[in-house]
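Open the model in your viewer with the whole chain visible. The stops below go from the overall view to single side chains.

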Amino acid sequence: MAGGPRVFVARVIPDDGLRMVIDACDARVWEGELPPPRDELLRAIEGCEGVLTLLTDRVDDEFLDRAGPQLKVVSNYAVGFDNVDVAACTRRGVAVGNTPGVLTDTTADLAFALLMAAARRIPEGDRYVRSSQWRTWGPMLLLGPDVHSATIGIVGFGRIGQAVAQRALGFGMRILYHDVARLPAEVEDRYGARFLPLEELLAQADFVSLHVNLTAETRHLMNAERLGWMKPTAVLVNTSRGPVVDPKALFEALRDGVIFAAALDVTDPEPIPFDDPLLTLDNCLVVPHIASASRATRGKMATMAAANLLAGVRDERLPTPVNPEVYEGR
Ligand code: DGY
């Protein structure tokens, strides 16, 4: 239906959410597999009241200027929103929405899958078989650390970090965590989790799983010095945001045996270039930012992002606003 508020949807999202938008708005949908190039994006949002963005679309002053003063809402199809200058949106009275909660377990599933795959060297084993190297059962073949009963250090103990802890409990793991502040005792007790300063957590953990937002403070949180605090037998898992890890420092740490392995769902930059040195290492597993990629979860993210967009263009409070302060004084 053409009619209703003008909106731009920056990629095809699962149908349930897309239908909600198309049925209620004068919607233009970017049909490309790749994100709209910047100039196309800026052209497409001119005059829109709402934009449904992805983490590949940068929302900054330039974006907001080009959209125009009638813009009411930016609905980000992700729980993370480091692609959005939230302060700039708030200054202009633009509500920002995200999709928290629905992807927690799916993301934790992938974090745990990466942890196990890196520890038990599953991608290496698969490559070994496919390249016709498998000749016999080998006592020393593809040895790695045990997952069960090991110590996991979870950096960022919010929703997803705790869901990883829940999985770790099933493997009899000892759980350490670090966050900006210690969590209430009832949260710690639920997982038998112990708060430690980052340096101590890194020194004790067999597995380190990152679950922090990307901010100025967490950019390159895992630099050469902190990687150096980890055990040489340890595995680093990153399903948060690529820039939380310094890629050059990680390459050197993996190459030089400072740590045993890394498993990354996110890289810096994304996509990781084909000739990135990390991709030359057998002890580095990389998947293309798929932590939330189950059919059910992506569907829920779509309806949630659509609900935020529709609420915004109707001057209603977003179901899940990132900047609730935008409503102060309204
Ligand atoms: C997010 O939601 O922030 C993920 O990175 C993509 O689902």
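The radius of gyration of the chain is 22 Å; a compact globule of 330 residues would have a value near 20 Å, so the two agree. This is a predicted model. Turn the view to the principal axes: along them, the C-alpha atoms fill a box of roughly 70 × 50 × 35 Å. Colour by secondary structure next, and 12 helices and 12 strands appear.

Switch on the surface. The exposed area of the chain is about 15700 Å², of which carbon and sulfur atoms supply 53%. Buried residues make up 50% of the 330 residues. Among contacts with a separation of 6 or more, 60% are between residues 24 or more positions apart.

**Stop 1: the open sheet**

Hide the surface and select residues 6-9, which are strand 1. This strand belongs to an open sheet of 5 strands with parallel pairing, in the order 2-1-3-4-5. Which strands are the edge strands? They are strand 2, at 26-29, and strand 5, at 95-97, and each of them pairs on one side only. On average, neighbouring strands of this sheet are turned by 15° against each other, with direction ignored.

Zoom in on strand 1 and strand 2. The two run parallel and are joined by 4 bridges. Within this pairing, V7 stands opposite A27 of strand 2.

**Stop 2: the helix on the sheet**

Add residues 295-313, which form helix 12. Helix 12 packs on the sheet and touches strand 1, strand 3 (50-53), strand 4 (73-76) and strand 5. The direction of helix 12 makes about 175° with that of strand 4.

Within helix 12, pick T297. Is T297 buried or exposed? Its relative accessible area is 3%, so T297 is buried. Leaving aside residues up to four places away in sequence, T297 touches V102, L103, T106 and S292.

**Stop 3: the aromatic pairs**

Now show the aromatic side chains; the structure holds 4 aromatic pairs. Begin with F112 and F171, whose ring centres are 5.0 Å apart. Their planes stand at 40°, so this pair is tilted. F112 sits in helix 5 (residues 104-119), while F171 is in the loop between helix 7 (159-170) and strand 7 (174-178). The pair thus links distant parts of the chain, 59 residues apart.

How do the two rings compare in burial? F112 has a relative accessible area of 5% and is therefore buried. F171, at 31% relative accessibility, counts as partly exposed because it falls between the cut-offs of 20% and 50%.

Move on to F157 and Y177. This aromatic pair is stacked, with 4.5 Å centre to centre and 20° between the planes. F157 lies in the loop between strand 6 (151-155) and helix 7, and Y177 lies in strand 7. These two residues are 20 residues apart, and their pair also links distant parts of the chain. Both F157 and Y177 are buried.

For the last selection, keep F157 and Y177 on screen and add Y191 and F195. Ring pairs link F157, Y177, Y191 and F195 into a cluster.

Key: Residues numbered from 1 in each chain as written. Predicted model: local features only at pLDDT ≥ 70, side-chain atom pairs only at ≥ 80, totals over all residues. Heavy atoms only, no water. Pairing = 2+ DSSP bridges. Axes fitted to C-alpha atoms, helices over the stretch in contact; angles between N-to-C directions. Contact = heavy atoms within 4.5 Å. Phe/Tyr/Trp six-rings, centres within 6.5 Å; stacked < 30°, edge-to-face > 60°. Buried < 20%, exposed > 50% of the residue type's maximum accessible area, 1.4 Å probe, protein only. Rg over C-alpha atoms; globule rule 2.2 N^0.38 Å. Areas by Shrake-Rupley, 256 points an atom, 1.4 Å probe, with all protein chains shown as cover.
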